[in-house]
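Colleague: I've got the file open and want to check the labels before I trust them. Can you walk me through how each one was earned?

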Amino acid sequence: MTHAADDVTEHRHIFHVGSSHRDGVARRVNMKTMREYVSWLYYQYLLITGIYVLEPWEKSIFNAVLFTMVAMVVYTSYVFVPIHMRLALEFFSGLARGHLERTVALMS
Amino acid sequence: MTQNSTSKLLNGDTCHRTNPAKTQGAKGFVKSHCLFQKPQKRYRRSAEKNHHVSNHQVLYNKRFVQSFEETPLLVAVLTYMGYGILTIFGYLRDFLREWKFEKCHLAREREEQKDFVPLYQDFENFYTRNLYMRIRDNWNRPICSVPGAKMDLVERVTHDYNWTFEHTGRVLKDVINMGSYNYLGFAENSGACADAALECCMKYGVGVSSTRQETGNLDKHQELEKLVARFLGVESSMVFGMGFATNSMNIPALTGRGCLILSDELNHASLVLGARLSSSTIRVFKHNNMQSLEKLLRDAIVHGQPRTHRPWKKILIVVEGIYSMEGSIVRLPEVIALKKKYKAYLYLDEAHSIGALGPRGRGVVDYFGLDPTDVDIMMGTFTKSFGAAGGYIGGKKELIDYLRSHSHSAVYATSMSPPITQQIITSMMCIMGEDGTTLGQERLRQLSANTTYFRRTLHEMGFIIYGNKDSPVVPLMLYMPAKIGAFGREMLKRNIGTVVVGFPATPIIESRARFCVSAAHTREMLDTALNAISEVGDLLQLKYSRNNRPRSEDTDCYSYLESPQDH
């Protein structure tokens, strides 16, 4: 829905993520210990994903599913990404060397 | 050119063509005569879409500052994500309820009706049972004292996640009331108003036991009507027992088939209901947008009724003084200029603005310094600033005499109860200053000071606040669904009662908390409330605003994108 269209400027503002200002705010909230800070972060996670309103068993289901997915992503990236990077580098460098040799052969 | 035509209209001259070149060769919609053209496109890189100072300074005697800051993109994305997750869980719970894994607390269709078209499957019902029910403890809280600046709440607990509540027997005392429409503080159980109402109750009793047309017409009603007419500056007025019924029962008496109603996008349900009941054609213009209204008026006059192209019998523009969900004030000078130019009628619903705006408390007409006879039908309610109940309509004598016999509310509805009538009479005399004290003036001044202080402080703290800077209704944006419940509960923990609003009343991502500032709030109460709001805002990370924040040590690299306020 449109906001109050009092102004007809059509230039949309580019969004910017003020991550630095969010940490500043966290510092303003009086965090005494690491434990309190972690529990405040968990509270923010509950609020942002919306599971704050759910019953405890629903929260557990959601956390389990999310944790499983994150664990799978971490595992895949740790095990497979270096191998794929190495193979990709070899492929492209092999391609470049083959191109160079063909050019040299053509010249002589 | 628009300046010239506007000032000419105000002087009563006819608007004649000043620029012949533009009128040649223009087909269809001729823009050169428009009173309110779109302002020239300016390259404005501000985060606020609508920090707009009116171009037509000749119409306004003071700055009209209204802002509706745009939703930050990240917040919008996260809000949609939150609703998505809750929807998935909603489907899961519906599945469990359907297959009897879980007890169902709701209304269900009977076994025989299972194959029919379902009664309970709309998205709105889905929303009610799966989202609203989970945070239902923020609404319908029972109050057990007078809803003044402070009130007492009955404490309740729920053992089955808000499906049922139990009273513990304890009472939360002296909860600061930021939700009641108590703008001038007349909701009190002691003082001149209460004493006068008590005396009236002793004389007349409480019930009227009849409709206005039969034996329900008391001399108190006549006295009140004369007083209301004098208060508003109109010829005559009529009062009704219920504010909602005033709108929904009187608009059908005023317009009918063959008439056109131009109503604002965000009008109240009573106005929408009244317009629909009247079976007139309804066209909606964008909220407070004068270009949109002018375009609709011009189209209506040029093209007439839909198929026959006959002229409309009458055109009625329906607007509100203060819109309670946005906190915005209508652009009344421009609406009146348009109404005069295109010969339409104006229906102004001052439910929230009567008593709350203007140096003498006479509402939005007084706020802008306009003539009350320009508004054809002035409607308002006594619920908000007068501490009573009921509504009124004011206007010319012929109009009111017509309504006395043709309005459904006058013919069928019970008339106003006598103690309430007396409460309104006393409070209105107080506001007008005719009871011999300066209490009315003080309260008006206090309300205005409180509003300015509250809004300015919230804005400086970094919250996104909607609306006009003079409006006592302050919506504070929450956006995310979980924060609606969290905000209400955290504020109650700090002994402050607030009203939070979500989906059906607002667009789905724009949920908000709505504060109503009152003249009964002292500076200390407001400070307590503001500190609590700031604390909760930090706890819940609600300070989304990107403008006017005192720059802390963390300035991000995008600060050059923010432009100054006015070009």
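Colleague: What makes up the exposed area of chain A?

Modeller: Carbon and sulfur atoms supply 72% of it, out of about 7900 Å² that chain A exposes. Buried residues account for 27% of the 108 residues in that chain. Keep in mind that this is a predicted model.

Colleague: What does chain A look like in terms of helices and strands?

Modeller: Three helices and zero strands, so along the sequence the pattern reads α-α-α.

Colleague: How do you know which helix of chain A to treat with care?

Modeller: By pLDDT, which runs from 0 to 100. Helix α1 (residues 19–28) of chain A has the lowest confidence, with a mean of 47, while helix α2 (residues 34–49) of chain A has the highest, at 94. Over residues 1–25 of chain A the pLDDT is below 50, although this stretch has 61 contacts in the model beyond near neighbours in sequence. Where pLDDT is low, the predicted coordinates shouldn't be read in detail. As a whole, chain A averages 78, and 71% of its residues score at least 70.

Colleague: Over to chain B. How does the reach of helix α3 (residues 73–98) of chain B compare with what is expected?

Modeller: The expected span is 1.5 Å times one less than the number of residues. With 26 residues, α3(B) should come to 38 Å, and its first and last C-alpha atoms are 37 Å apart, close to that. After α3(B) comes Lys100(B), whose phi is positive, near 60 degrees.

Colleague: And what does UniProt list for residues 73–92 of chain B?

Modeller: An unreviewed entry there gives "transmembrane region". In the model those residues are 100% helix and 0% strand, with the end C-alpha atoms 29 Å apart.

Colleague: Why is Gln66(B) called buried?

Modeller: The cut-off is under 20% relative accessible area. Gln66(B) has 1%, so Gln66(B) counts as buried. This residue lies in strand β1 (residues 66–67) of chain B, and its C-alpha is 9.0 Å from that of Gly327(B), 261 residues apart along the chain.

Colleague: What makes Glu326(B) buried?

Modeller: Its relative accessible area is 7%, which is under 20%, so the label holds. Glu326(B) sits in the loop between β8 (322–323) and β9 (328–329) of chain B. Among the residues it touches are Phe68(B), His287(B), Tyr466(B) and Arg512(B).

Colleague: Why is Asn140(B) called exposed, and Asn495(B) partly exposed?

Modeller: Exposed needs over 50%, and partly exposed falls between 20% and that value. Asn140(B) has 60%, so Asn140(B) is exposed. Asn495(B) has 29%, so Asn495(B) is partly exposed. Neither is a glycine, yet phi is positive in both: about 55 degrees for Asn140(B) and about 70 degrees for Asn495(B). Asn140(B) is in the loop between α4 (123–132) and β2 (150–157) of chain B, and Asn495(B) in the loop between α16 (481–493) and β15 (496–497) of chain B.

Colleague: Last one: which residues touch the most other members of the largest nonpolar core?

Modeller: That core has 67 residues, and the ones touching the most other members include Leu262(B), Leu297(B), Ile317(B) and Phe382(B). Leu297(B), for example, touches Leu262(B), Ile317(B) and Tyr342(B), among others. Apart from that core lies another of 59 residues, among them Phe68(B) and Tyr466(B).

Notes
Residues numbered from 1 in each chain as written. Chains lettered and ligands numbered in written order. Predicted model: local features only at pLDDT ≥ 70, side-chain atom pairs only at ≥ 80, totals over all residues. Heavy atoms only, no water. Helix = DSSP H or I, 4+ residues; strand = E, 2+ residues; numbered from the N terminus. Buried < 20%, exposed > 50% of the residue type's maximum accessible area, 1.4 Å probe, protein only. Areas by Shrake-Rupley, 256 points an atom, 1.4 Å probe, with all protein chains shown as cover. pLDDT = per-residue confidence, 0-100. Contact = heavy atoms within 4.5 Å. UniProt positions renumbered as here; feature names shortened; annotations may be inferred. Core = buried A, V, L, I, M, F, W, Y, C linked by side-chain atoms within 4.5 Å. Lists of a residue's contacts leave out its neighbours within four places in sequence.
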